[in-house]
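Colleague: Before we discuss this chain, could you put the model up, so that we can go through it by question and answer?

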Amino acid sequence: DCGPGPSVLIVGASVALGWGVDDLADTWWAQLCRITGGRYLNLAVPATRVADHLEVLRGVSGRPDDVVLAVVGSNDLVLGLAPGVQGQVDRRRDAFLLDAAVLRGRATLILQPAPQGYDAEVRRAYAEMAREVDLDLSALPVDYVDRIHFGRAGQASLARAIAEVM
């Protein structure tokens, strides 16, 4: 609770939770709460995809949230990716696009910074996914601590970028 402001519900996976920093106060969403005020509820679950976020939202339907933020992207393409499986990335991208279309209107879709170190096929699919979201942060410069998660500076960048559209 950050005082007067919107009621915000967050869905997503580990990036939506703010993995990459040690202190809850440094997570992007805690910083965003301080910027915008309001009451924040983060229902993100690690290692999930857009279809899973839809299920979370169905489970909390009827909540009076002013804003629903869905931080999406990397897991839909790279979670459990088995290099060399023909057509796998395209199938995952297509599933993301279908699920994102259902999620649109229920949430503001935010494409998280693009995963680092993956091949051109994954980067191309991520670029296609970027065209279907409300806020494309795929090129946002962040301080990666691994291939997907980022540290304090990246969390602050994400918070500022989202605050601008809220």
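Colleague: How many disulfides does a search of the whole structure find, and which cysteines form a disulfide?

Modeller: This is a predicted model, and a search of the whole of it finds one disulfide. The two sulfur atoms concerned lie 1.9 Å apart, which is within the 2.5 Å cut-off for a disulfide. The pair is made up of cysteine 2 and cysteine 33.

Colleague: Which parts of the chain does the pair link?

Modeller: The two cysteines are 31 residues apart, and the pair links distant parts of the chain. Cysteine 2 belongs to the segment before β1 (7–11), whereas cysteine 33 lies in helix α2 (residues 28–36).

Colleague: What is the handedness of the disulfide of cysteine 2 and cysteine 33?

Modeller: The handedness follows from the torsion about the S-S bond of cysteine 2 and cysteine 33. That torsion is about 125°, so the disulfide is right-handed.

Colleague: Is cysteine 33 buried or exposed?

Modeller: Its partner, cysteine 2, has a relative accessibility of 30% and therefore counts as partly exposed. Cysteine 33 has a relative accessible area of 4%, which is under the 20% cut-off, so cysteine 33 is buried.

Colleague: Turning to the strands, how many residues of β1 are buried?

Modeller: Ser7, Leu9 and Val11 point one way from β1, while Val8 and Ile10 point the other way, and all of them are buried. The strand is therefore largely enclosed by the rest of the structure, the buried count being five of the five residues.

Colleague: In which sense do β1 and strand β2 pair, and how do β1 and β3 run?

Modeller: β1 and strand β2 (residues 39–42) pair over four bridges, with isoleucine 10 opposite asparagine 42 in β2. Four bridges also join β1 to β3, where valine 8 stands opposite valine 67. The sense is parallel for β1 with β2, and β1 and β3 likewise run parallel.

Colleague: What is the distance between the end C-alpha atoms of helix α7?

Modeller: Helix α7 (residues 152–165) has 14 residues, so at 1.5 Å a residue it should span 20 Å. The model agrees with this expectation, since the end C-alpha atoms are apart by 21 Å.

Colleague: Against which elements do the buried residues of α7 pack?

Modeller: The buried residues of α7 include Gly154, Leu158 and Ile162. The elements against which the buried residues of α7 pack are α2, β3 (67–72), β4 (108–111) and β5 (135–136).

Colleague: Is tyrosine 126 buried or exposed?

Modeller: Tyrosine 126 is found in helix α6 (residues 120–130), and its contacts beyond four places in sequence include Val72, Leu77, Leu111 and Pro113. Its relative accessibility is 3%, so tyrosine 126 counts as buried.

Note on methods: Residues are numbered from 1 along each chain as its sequence is written. This is a predicted model: local features need pLDDT of at least 70, side-chain atom pairs count only at pLDDT 80 or more; totals for chains, interfaces and linings use all residues. Side-chain values use heavy atoms; hydrogens and water are left out. Buried means under 20% relative accessible area, exposed over 50%, partly exposed in between (1.4 Å probe, protein chains only). Contact means heavy atoms within 4.5 Å. The expected span of a helix is 1.5 Å times one less than its number of residues. Two strands pair if DSSP finds at least two bridges between them.
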